[in-house]
Amino acid sequence: MVIAEVRDLVKKYPSFELKKNSFSLESGRITGFIGRNGAGKTTTIKAMLNMIHPDGGEVRYFGLPFLGHEAEIKKRIGYSTGTVSWYPRKKIRDLVEIARRFYDTWDEEAYRSYLRLFEIDETKTPLELSEGMKVKVNLILALAHRAEVLILDEPTSGLDPFSRSELLGLFTELRDRGVTVFFSTHIITDIEKCADDILYISRGRIAAALPKAEFVRQYSRDGERLEDTMLRLETEEGGAAHD
Amino acid sequence: MTDLLRKEMRLSASVLSYLFIAFGLMFLLPGYPVLCGAFFVSLGLFQSFQLAREANDIVFSVLLPVAKRDIVRGKYAFVCLIEGCALLLMALAVLLRMTVFSQAEVYRMNQMMNANGFALGMAFVIFGLFNWIFVGGFFKTAVKFARPFVGFVIACFLTIFAAEALHHIPGLERLNAFGTDALGLQLILLGAGILLFLLMTLLSGRRACERFEKIDL
């Protein structure tokens with residue numbers, strides 16, 4: 001079942017453009033959104049969350065257009081755009097105390113268990129946390145209200161290998177519980193470890209949107225690792241992969 | 001909206017916004033341009049916008065499960081709440097000066113404007129200008145606020161100057177009425193001030209919602 005759909009998304013900047021991109025996210029699957037720095041991953045995710053105003057196209061969740069149903073849709077999705085970069089001198093506990101009131105589905109028990117899993121001290125302020133810990137706090141906020149879809153912009157950036165492995169394991173666990181996970185990354189091994197589907201963006205254009213096995217079948221040469229395939233595709237002029 | 005207002009009060013607001021409400025009591029000062037009290041309250045609110053910008057408050061708000069236009073409404077609600085508290089103090093001071101202190105020499109000998117219904121109406125106008133020029137201007141970009149604030153400061157002091165000068169013009173002496181003198185006129189001027197405040201706030205709020213919807217964060 002399609003749970004999120006992006007249709008003909010266009011965003012034009014003076015030096016960059018998202019080129020009429022379309023893709024969809026299937027329920028209960030992990031989609032890895034991959035592309036090099038500046039390829040358009042964050043712009044796409046921000047457009048999916050109405051943080052930037054697209055020049056064209058539409059984003060739908062649960063069959064509803066995002067515009068006009070923003071509040072109700074946001075309650076059903078969890079999202080994180082990098083690290084916690086807000087209110088550097090407020091305690092995490094105070095930030096959570098405010099945020100939790102916006103969600104009818106806030107799961108205090110899940111919140112506490114993620115705090116323990118990520119070893120977060122909620123009496124600390126963002127200023128006192130490392131970059132990796134800030135990413136984790138942001139993830140906890142996205143995870144603690146029983147979201148049906150998780151949209152995460154580079155959630156593994158800044159995490160140590162152990163935390164990254166735990167997080168990717170968590171994605172798998174959530175997927176098994178029926179949660180749809182969509183995460184961007186430029187770390188190809190993250191995709192290899194847990195993604196079911198690959199969405200590959202190159203120079204503002206979705207160059208491939210396929211199940212991982214199908215992607216490998218279509219684009220990888222014999223004996224080539226996914227990382228080598230991606231590097232080869234990226235260095236070929238204009239990105240060689242097409243739908 | 002209650003949750004957003006709570007967020008504004010607990011996370012975004014500068015403590016100065018709350019402390020500067022007390023400047024509403026400047027309406028009790030004799031021999032002083034009492035409308036400067038409204039300016040200082042606005043200055044306290046400006047501190048909250050400054051603090052909120054440095055704390056990436058708008059991005060946090062956008063990530064909450066609310067519509068983008070509700071973020072603008074939350075900011076306006078907070079600003080109006082602070083302004084409302086200051087206006088209550090000002091109204092209290094005006095009531096005291098119109099009743100208990102209506103014959104007090106220290107106020108009667110005052111060369112500056114009297115704190116009466118007209119003055120209170122002008123305080124509403126100054127807050128309306130703040131909402132229109134500064135808050136509305138801020139939401140053009142949700143980042144830049146220097147130009148809107150300078151614009152507000154100029155408009156505010158021109159308004160204070162005009163309000164202070166008007167009763168010195170022959171024929172307009174009744175604007176400076178003491179006690180319950182010219183009560184009808186005072187109430188009409190107060191009502192006009194409230195109306196202007198509402199118009200400036202509502203129109204700028206609506207425009208700010210439209211502009212904020214199109215801003216890239």
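**Reading helix packing and a chain interface in a predicted model**

Guide: In this predicted model, helix 8 (residues 212-219) of chain A and helix 9 (residues 226-235) of chain A have axes that come within 11 Å and cross at roughly 60 degrees.

Visitor: How are two packed helices described in general, and is helix 8 of chain A roughly parallel or oblique to helix 9 of chain A?

Guide: Two packed helices are described by the angle between their axes together with the distance between those axes. For the crossing at roughly 60 degrees, the result is that helix 8 of chain A is oblique to helix 9 of chain A, since angles of 65 to 115 degrees would count as roughly perpendicular and those under 35 degrees as roughly parallel. Helix 8 of chain A passes helix 9 of chain A in a left-handed crossing.

Visitor: Which residues of helix 8 of chain A and helix 9 of chain A make the contact?

Guide: Helix 8 of chain A contributes A:Phe215, A:Val216 and A:Tyr219, while helix 9 of chain A contributes A:Leu226, A:Thr229, A:Met230, A:Arg232 and A:Leu233. Sorted by class, this contact of helix 8 of chain A with helix 9 of chain A has six nonpolar residues, one polar and one charged.

Visitor: At what angle do helix 4 of chain A and helix 6 of chain A pack?

Guide: Helix 4 (residues 108-118) of chain A and helix 6 (residues 161-176) of chain A pack at about 150 degrees, their axes being 12 Å apart. Because angles over 145 degrees count as roughly antiparallel, helix 4 of chain A is roughly antiparallel to helix 6 of chain A. Helix 4 of chain A passes helix 6 of chain A in a right-handed crossing. The residues that meet are A:Tyr114, A:Leu117 and A:Phe118 from helix 4 of chain A, and A:Glu166, A:Leu167, A:Leu170 and A:Leu174 from helix 6 of chain A; by class, they divide into six nonpolar, no polar and one charged.

Visitor: Which way does helix 3 of chain A run relative to helix 1 of chain B, roughly parallel or roughly antiparallel?

Guide: The axes of helix 3 (residues 92-100) of chain A and helix 1 (residues 2-12) of chain B come within 10 Å and cross at roughly 170 degrees, which makes helix 3 of chain A roughly antiparallel to helix 1 of chain B. Here A:Asp94, A:Leu95, A:Glu97 and A:Ile98 meet B:Arg6, B:Lys7, B:Arg10 and B:Leu11, and the residues of this contact divide into three nonpolar, no polar and five charged.

Visitor: How many residues of chain A and chain B are in contact, and what area do the two chains bury between them?

Guide: In the model, 27 residues of chain A are in contact with 24 residues of chain B, and the two chains bury about 2500 Å² between them, with 62% of it on carbon and sulfur atoms. Of the area that chain A buries against chain B, 28% is supplied by A:Met51, A:Tyr87 and A:Phe102, more than by any other three residues.

Visitor: How many salt bridges are found across the interface of chain A and chain B?

Guide: The rule finds one salt bridge across that interface, whereas a search of the whole structure finds 31 over all chains. The side chains of A:Lys11 and B:Asp216 meet in a salt bridge at 2.6 Å, N to O. A:Lys11 lies in strand 1 (residues 2-13) of chain A and B:Asp216 in the segment after helix 9 (183-213) of chain B, so this pair joins two chains.

Terms used:
Residues numbered from 1 in each chain as written. Chains lettered and ligands numbered in written order. Predicted model: local features only at pLDDT ≥ 70, side-chain atom pairs only at ≥ 80, totals over all residues. Heavy atoms only, no water. Axes fitted to C-alpha atoms, helices over the stretch in contact; angles between N-to-C directions. Helix = DSSP H or I, 4+ residues; strand = E, 2+ residues; numbered from the N terminus. Left-handed = near helix turned anticlockwise from the far one by under 90°. Contact = heavy atoms within 4.5 Å. Nonpolar A, V, L, I, M, F, W, Y, C, P; charged D, E, K, R; others polar. Buried area = accessible area lost by both parts, 1.4 Å probe. Salt bridge = Lys/Arg side-chain N within 4 Å of Asp/Glu carboxyl O.
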